[in-house]
Amino acid sequence: MPMLDTATLPAFQTKLFIGGQFVDAASGKTFDVLNPHDNSVLAQVAEGDREDIDRAVAAARKALPVWRAMSATQRGELIYKLADAIERDRDTLALTETLDTGHPIRDTHNLDIFRTVQTFRYFAGIADKHEGRVIPVDTGFLNYVMRVPVGVVGLVVPWNFPLMFTSWKMGPALAAGNTLVLKPAELTPLSTMRVAELAAEVGFPEGVINVVPGFGATAGQALAEHMDVDKIGFTGSTATGRKVVEASAGNLKRVQLELGGKGANIVWDDANIDAAVNGSAFAIFHNQGQACIAGSRIILHETIRDEFLDKFLNLTRSIKLGDPRDPATEMGPLTSRMHQEKVLSYVKIAHQEGSEILAGGKAPEGETFAKGCYVEPTVVTAQPQDRVCHEEVFGPFAAVSTFSREEEVLEMANATPYGLGGGLWTNDLNRAHRMARGMDTGMVWINCYKRFHPGSPFGGVKDSGYGREMGFFAMDEFTEPKSVWLNVDAQLPPFYRR
Ligand code: NAD
């Protein structure tokens with residue numbers, strides 16, 4: 001497959017999508033969206049702010065009765081159509097995502113698009129399968145619990161998997177009967193804008209889906225504070241998550257938070273080392289390490305440290321960095337200059353804390369990389385108390401430490417403020433299950449890493465947030481239980497006769 005030609009792309013949609021129309025921002029302002037491969041301007045996108053959020057929320061509120069009046073099956077059918085349209089346009093959408101985020105085209109094509117379509121299809125199918133309950137209450141009464149949509153939901157997504165997270169948030173919100181306002185990350189709005197176009201094309205009623213690109217401190221904050229928004233589904237950093245919680249207090253809106261992580265990836269002496277090496281590289285280097293569930297702390301049993309590192313460093317050094325449009329590229333640039341600088345600053349921190357830089361540790365040299373936000377895949381040694389073992393770097397940066405005993409490694413695994421995901425490589429089943437129970441995380445992977453599926457709950461504990469995405473768990477998050485009582489033939493107690 002040759003390098004993909006950007007000229008094949010249709011023009012990017014750059015306007016806000018409000019009430020079924022593509023419109024300019026009320027202020028008329030736009031902002032530049034950059035290609036992290038060379039920092040060229042890809043598009044000038046309308047910059048939504050408070051007034052635009054007000055318009056979008058009003059449109060979503062107006063559409064709510066229309067959307068709720070449709071049967072769950074009809075809602076599901078529209079979501080299926082959206083999934084089909086995304087699949088049809090997979091080539092252009094994958095290229096859009098690659099240009100906007102820097103993800104290698106082989107990943108956007110094979111993973112991001114596939115997972116986005118799979119997620120929308122999953123929630124299309126679940127729409128009419130999220131049942132209520134009948135509760136066995138006192139004789140003579142019927143009590144049933146229906147699940148009703150929360151209402152108008154605000155969805156805020158980060159820049160690391162913009163298309164995929166659009167499906168994770170929109171899928172269950174729509175299937176459950178909510179209308180929505182989604183704010184993409186300011187760095188990467190383009191694929192979500194295309195989804196808005198496809199939603200209009202497949203016939204979503206106007207106002208059900210609204211997309212307002214803009215900055216976090218303005219548009220995002222306005223959405224989180226909005227008195228007519230019933231829930232915020234947020235994915236992003238822990239610091240911003242705290243602001244969202246504070247902003248939600250005005251009308252006590254529901255909040256669901258998917259925040260940062262610092263995954264422990266533990267390799268035992270009895271593990272299949274080759275599988276662990278390969279899986280650990282995927283865990284930390286896929287998507288340039290810009291993943292909340294990245295296995296950023298590799299913790300090795302002391303007896304296999306040398307063998308593992310020998311193979312892992314060989315693999316690390318052989319990863320092919322390059323223009324993300326090239327199908328041979330395995331690692332592209334980070335998504336922004338600011339983020340590249342943040343990741344490189346952690347190399348300095350590691351150095352100051354006495355770490356040895358085993359691989360990478362700098363921006364790659366050469367013409368291909370001269371203007372972009374690249375960082376070499378980096379591996380450093382670390383002690384459990386080091387900052388690089390506690391703080392989320394969110395880049396291709398693995399901190400390697402060692403352990404000898406199970407209690408010790410469990411303590412190490414749990415010694416961060418985060419609790420999103422973690423994994424272990426071992427052939428001892430009992431130990432694997434003991435560890436899985438003991439790890440303070442929302443997700444544990446055994447002899448694999450970073451697996452997820454639209455049916456399996458995704459989310460964390462501690463500073464990684466609360467609530468769960470995916471599956472019936474997400475459907476519960478996007479609905480409220482409503483309890484209905486009916487007196488079928490109950491004898492009422494005496495005071496009713498007074
Ligand atoms: P961020 O918190 O800076 O931004 C996330 C989104 O929030 C963006 O759309 C941004 O514009 C918006 N935002 C910023 N300030 C806001 C405010 N005051 N009110 C409302 N919205 C606001 O995060 P980021 O740097 O874009 O993303 C990286 C972070 O996201 C990492 O910490 C990563 O671990 C986390 N993340 C978590 C998950 C998960 O599922 N747990 C998944 C992906 C990323």
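**Faces, edges and cysteines in a predicted model**

Student: What makes strand E3 (residues 30-35) a strand with two unlike faces, one buried and one not?
Tutor: Along E3, Phe31, Val33 and Asn35 point to one face and are buried, whereas Thr30, Asp32 and Leu34 point to the other and are not. Buried means under 20% relative accessible area, exposed means over 50%, and partly exposed lies in between, with a 1.4 Å probe and protein chains only. In a regular strand the side chains alternate between the two faces of the sheet.

Student: What kind of model is this, and how are residues counted?
Tutor: The model is predicted: local features need pLDDT of at least 70, side-chain atom pairs count only at pLDDT 80 or more, and totals for chains, interfaces and linings use all residues. Residues are numbered from 1 along each chain as its sequence is written, and side-chain values use heavy atoms, with hydrogens and water left out.

Student: Why are E3 and strand E4 (residues 40-46) called paired?
Tutor: Strands pair if DSSP finds at least two bridges between them. E3 and E4 have six bridges, in the antiparallel sense, and therefore satisfy that criterion. Asn35 stands opposite Ser40 in E4. The hairpin has four residues between the strands, and Asn39 takes a positive phi near 60°.

Student: How many helices and strands does the chain hold, and what makes a run count as either?
Tutor: The chain has 14 helices and 22 strands. These are DSSP runs numbered from the N terminus: H or I over at least four residues for a helix, E over at least two for a strand.

Student: Why are E5 (133-135) and E22 (479-487) called edge strands?
Tutor: The open sheet of three strands has the order E5-E6-E22, with antiparallel pairing. E5 and E22 each have a single partner strand, so one side of each is left without a neighbour in the sheet. The twist averages 30° from one strand to the next, with axes fitted to C-alpha atoms (for helices over the stretch in contact) and angles from 0 to 180 degrees between N-to-C directions. E5 and E6 (residues 141-149) pair over three bridges, and Arg133 stands opposite Val145 in E6.

Student: How do you know whether the radius of gyration agrees with that of a compact globule?
Tutor: The rule is 2.2 Å times the number of residues to the power 0.38, and the radius is taken over C-alpha atoms. For 498 residues a compact globule would have a value near 23 Å; the chain has 24 Å, which agrees. Buried residues make up 57% of the 498.

Student: How many disulfides are there, and how do you know?
Tutor: A disulfide is a pair of cysteine sulfur atoms within 2.5 Å, and a search of the whole structure finds zero. For Cys389 the nearest cysteine sulfur, that of Cys292, is 19 Å away. For Cys448 the nearest is again that of Cys292, at 16 Å.

Student: Why do Cys389 and Cys448 fall into their burial classes?
Tutor: Cys389 has 4% relative accessibility and therefore counts as buried. Cys448, at 24%, counts as partly exposed.

Student: Which class does His390 belong to, and what are its contacts?
Tutor: His390 has a relative accessible area of 23% and is therefore partly exposed. His390 lies in the loop between strand E15 (378-381) and strand E16 (397-403). Leaving aside neighbours within four places in sequence, His390 is in contact (heavy atoms within 4.5 Å) with Lys262, Pro384, Gln385, Ala415, Thr416, Pro417 and Tyr418.
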